[in-house]
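Subject: Structure handover

Hello,

Here is the structure you asked for, with the sequence alongside. My notes on what turned up in it follow below.

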Amino acid sequence: AFGDLVDHYSDVTKDSTPQAGGLWEQDVEELLGTLMPDREEYLSIYGRLLVNSFALRVDNKGEEENIGTALYRACSIFDHSCRPSATTVFSGGRLQIKSMVSSPKMDLSSFFISYLDEAMTREARQSK
């Protein structure tokens, strides 16, 4: 269930960027009106979406292009690493996790993905 996803609430509430509760919160409130949840619930939902969503990428003349963001609950079980052993591939409306290393057994806890654009250098990803 959506409520089972990690929300990183304490990290989200420490974030001072406008998206963490400023401009995004105002935009969502304009859309939802009286259906807008209270701030604590909003930030919990925002955190779940932020932490567990994936960029939808397509090939555009040899270059990867981000075309959107989606939440795939099953893929959200993978933890991140700055040295990922698996990658995400979006194809035909499905998000797939593909191993980048040989593995003698299918132990999902031994596979890690990058939360950021894998085309960036490791140092650039760590600075984010």
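E25 has a relative accessible area of 12%, and because the cut-off for buried is under 20%, E25 counts as buried. Please keep in mind that this is a predicted model. The side chain of E25 forms a salt bridge with that of R39, with N to O at 3.2 Å. R39 is partly exposed, at 47% relative accessibility. E25 belongs to helix α2 (residues 23-32) and R39 to helix α3 (residues 39-52), so the salt bridge ties together parts that are 14 residues apart in sequence. The count for the model comes to one salt bridge.

As for the overall layout, the protein chain has four helices and six strands. Along the sequence they come in the order α-α-α-β-β-β-β-β-β-α. Of the 128 residues, 24% are buried. Taking the contacts between residues at least 6 apart in sequence, 47% join residues at least 24 apart. The accessible surface of the chain is about 9000 Å², and carbon and sulfur atoms account for 52% of that surface.

Next, the interior. Nonpolar side chains tend to be buried together in soluble globular proteins. In this model the largest nonpolar core has seven residues: F54, C75, F78, A86, L95, F111 and I113. There is also a second, separate core of five residues, among them V12, Y42, L43 and Y46.

One residue to look at is S85, in the loop between β3 (79-80) and β4 (86-91). Is S85 buried or exposed? Its relative accessibility is 10%, so S85 counts as buried. The side chain of S85 comes to 3.5 Å from the backbone oxygen of S110. Leaving aside residues up to four places away in sequence, S85 is in contact with K98, S99, M100, V101, S110, F111 and F112. Of these contacts of S85, F111 is also one of the residues in the largest nonpolar core.

On the surface, F2, L49 and L71 make a nonpolar patch of about 210 Å². L71 sits in strand β2 (residues 63-71). The relative accessible area of L71 is 31%, so this residue is partly exposed.

Last, the backbone. Most residues other than glycine have a negative phi. Two residues to check against that are H8 and K61. H8 has a positive phi, near 50°, and is not a glycine. It is in the segment before α1 (9-14), and at 35% relative accessibility H8 is partly exposed. K61, also not a glycine, has a positive phi of about 55°. K61 lies in the loop between β1 (53-60) and β2. With a relative accessible area of 82%, K61 is exposed.

If you open the model, the places to start are the E25 and R39 salt bridge, the loop residue S85, and the positive phi values at H8 and K61.

Regards

Methods: Residues numbered from 1 in each chain as written. Predicted model: local features only at pLDDT ≥ 70, side-chain atom pairs only at ≥ 80, totals over all residues. Heavy atoms only, no water. Core = buried A, V, L, I, M, F, W, Y, C linked by side-chain atoms within 4.5 Å. Buried < 20%, exposed > 50% of the residue type's maximum accessible area, 1.4 Å probe, protein only. Helix = DSSP H or I, 4+ residues; strand = E, 2+ residues; numbered from the N terminus. Polar contact = N/O pair within 3.5 Å; in protein donor to acceptor, adjacent residues only side chain to side chain. Contact = heavy atoms within 4.5 Å. Patch = residues over 30% accessible without salt bridge, like charges linked within 9 Å, V, L, I, M, F, W, Y side chains within 5 Å. Areas by Shrake-Rupley, 256 points an atom, 1.4 Å probe, with all protein chains shown as cover. Salt bridge = Lys/Arg side-chain N within 4 Å of Asp/Glu carboxyl O.
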